[in-house]
Amino acid sequence: MSSGDVRLLDAGQVRDHLDPTELVAALRTAFSDPGTTVVPDRVTMPLDESVGTSLLLKPAWRRDGLLGVKVTTHHPDNGRRGLPAIHALYAVHDAATGAPLAVLDGTELTRWRTAAASALAADLLAPRRVREHLLVGSGNVSAALPACYATVRDVALTRVWARRHEQAESLARQLREEGVAAEAVAPGVEALREAVRRADVVSCATSATSPLVLGEDVGPGTHVDLIGSFTPGMVEADEALVTRARVFVDIEAAVHESGDLAGPVARGALRASDILGTLADLASGRRPGREHDDEVTVFKSVGTSLEDLVAAEVVLRRAGGGDDEPA
């Protein structure tokens with residue numbers, strides 16, 4: 001691809017060029033040894049604090065490769081509009097010259113890299129046998145999780161719970177059409193609690209501001225994957241869970257950025273030193289993953305621009321031999 005040809009890849013093209021197996025493997029390599037990758041802190045700016053909307057800027061680059069910047073908006077009430085809570089664009093430049101190379105649909109990129117990072121963590125933390133995988137939330141990330149989890153575990157049944165039962169039914173139906181054994185959980189909080197008690201793995205991908213997954217409901221040996229909370233005001237699990245479990249994060253900043261951890265730390269129930277390691281620690285072998293069959297593990301992710309850059313590299317590498325015309 002020459003610097004004079006800026007390629008535009010829409011959501012469908014991004015999805016077509018993101019193979020879950022390749023993406024999980026690429027993330028494993030990147031987290032094991034980031035090499036010359038530079039990953040600055042993200043910049044978060046509130047748009048309208050009264051409704052919780054925000055703008056995020058997330059850059060990353062390899063000194064000998066690509067430079068990427070993701071521009072993301074978060075509008076948590078978009079579900080009422082029939083829209084994803086998160087929209088994004090991802091701009092790719094040549095790191096050496098600064099020349100623009102491509103613009104990718106960042107929303108699609110984000111959901112797949114997020115799901116793939118969770119799958120990578122699950123490969124290191126989840127029980128080997130997964131009879132039931134519970135998806136809490138029915139949005140774009142939840143829809144991508146089964147395909148990514150399938151690269152690391154044989155899942156017998158995927159169950160879906162959402163505040164709006166019709167959305168849980170819709171996602172379960174979509175997953176069945178994709179060849180996944182899936183069913184919707186009955187509506188209501190009590191049905192959710194019972195589903196958590198049954199699950200071997202719980203993946204929570206919501207915009208919740210109060211706990212959905214309670215520690216008292218999580219059985220021995222369960223792995224809990226907390227995806228949605230990426231600000232201090234967002235919470236998906238209660239204090240009882242994160243103080244009981246072996247907790248890992250995608251990046252160290254998650255301790256302060258996510259309400260799941262920042263709240264318990266502020267209240268003195270959890271110390272930052274209680275967090276056992278990052279995804280890089282797990283992937284590189286610097287920290288052990290699951291050690292006992294009956295332990296409860298938690299992976300708390302807030303997202304990192306390293307994942308965006310790796311996913312964009314996978315897309316552009318696969319798209320390089322495709323038929324898409326540059327724009």
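Ala 26 lies in helix α2 of this predicted model, and with a relative accessibility of 19% it counts as buried, because the limit for that class is under 20%. Once residues up to four places away in sequence are set aside, Ala 26 touches Val 310 and Val 314. The second of these partners is remote in the chain, since Ala 26 and Val 314 are 288 residues apart in sequence, yet their C-alpha atoms are 7.8 Å apart in space.

Helix α2, which spans residues 20-32, also takes part in a pocket, for α2 and α11 (305-319) are the elements that give two or more residues to the lining of the second largest pocket. How large is the volume of the second largest pocket? The value is about 440 Å³, and of the 20 residues that line this pocket, the closest to its centre are Val 39, Asp 250, Ile 251, Glu 252 and Thr 304. In chemical character the residues of the lining divide into nine nonpolar, five polar and six charged. As a general matter, rolling a probe the size of a water molecule over the atoms shows where empty space is left.

Thr 304, one of the residues closest to the centre of that pocket, is placed in the loop between β17 (297-300) and α11. Is Thr 304 buried or exposed? With a relative accessible area of 6%, Thr 304 is buried, since the class takes in values under 20%. Leaving aside its neighbours within four places in sequence, Thr 304 is in contact with Phe 31, Val 39, Lys 58, Arg 113, Asp 250 and Ile 251. As for Val 39, its C-alpha atom and that of Thr 304 are separated by 8.0 Å, although the two residues are 265 apart along the chain.

A second threonine, Thr 110, lies in helix α3 (residues 106-125) and is likewise buried, with a relative accessible area of 10%. Not counting residues up to four places away in sequence, Thr 110 touches Lys 70, Ala 88 and Asp 308. Between the C-alpha atoms of Thr 110 and Arg 7, which are 103 residues apart along the chain, the separation is 18 Å.

Val 6 is found in the segment before β1 (7-9), and at 25% relative accessibility Val 6 counts as partly exposed. In sequence Val 6 and Pro 100 are 94 residues apart, while in space they are 6.3 Å apart, C-alpha to C-alpha.

Two further helices show which of their residues are buried. Helix α4 (residues 140-149) is largely enclosed by the rest of the structure, because eight of its ten residues are buried; these are Val 141, Ser 142, Ala 143, Ala 144, Leu 145, Pro 146, Cys 148 and Tyr 149. In helix α6 (residues 189-198) the buried residues are Ala 191, Leu 192, Arg 193, Ala 195 and Val 196. What covers the buried residues of α6 includes the strands β8 (130-136), β9 (155-161), β11 (201-204) and β12 (209-213).

The aromatic rings remain to be considered. A pair of aromatic rings is described by the distance of the centres and the angle of the planes. For this model the count comes to zero aromatic pairs, where a pair would need ring centres within 6.5 Å. A charge does sit over a ring, however, as Arg 15 lies over the face of Trp 112, at 4.1 Å from the ring centre.

Definitions and conventions. Residues numbered from 1 in each chain as written. Predicted model: local features only at pLDDT ≥ 70, side-chain atom pairs only at ≥ 80, totals over all residues. Heavy atoms only, no water. 1 Å grid on protein atoms, 1.4 Å probe; cavity = no way out; pocket = protein on both sides within 12 Å on 5 of 7 lines; lining within 4 Å. Points joined across faces, edges and corners; volume = space filled by probe spheres on them. Helix = DSSP H or I, 4+ residues; strand = E, 2+ residues; numbered from the N terminus. Nonpolar A, V, L, I, M, F, W, Y, C, P; charged D, E, K, R; others polar. Buried < 20%, exposed > 50% of the residue type's maximum accessible area, 1.4 Å probe, protein only. Contact = heavy atoms within 4.5 Å. Phe/Tyr/Trp six-rings, centres within 6.5 Å; stacked < 30°, edge-to-face > 60°. Lys NZ or Arg CZ within 6 Å of the ring centre and 35° of its normal.
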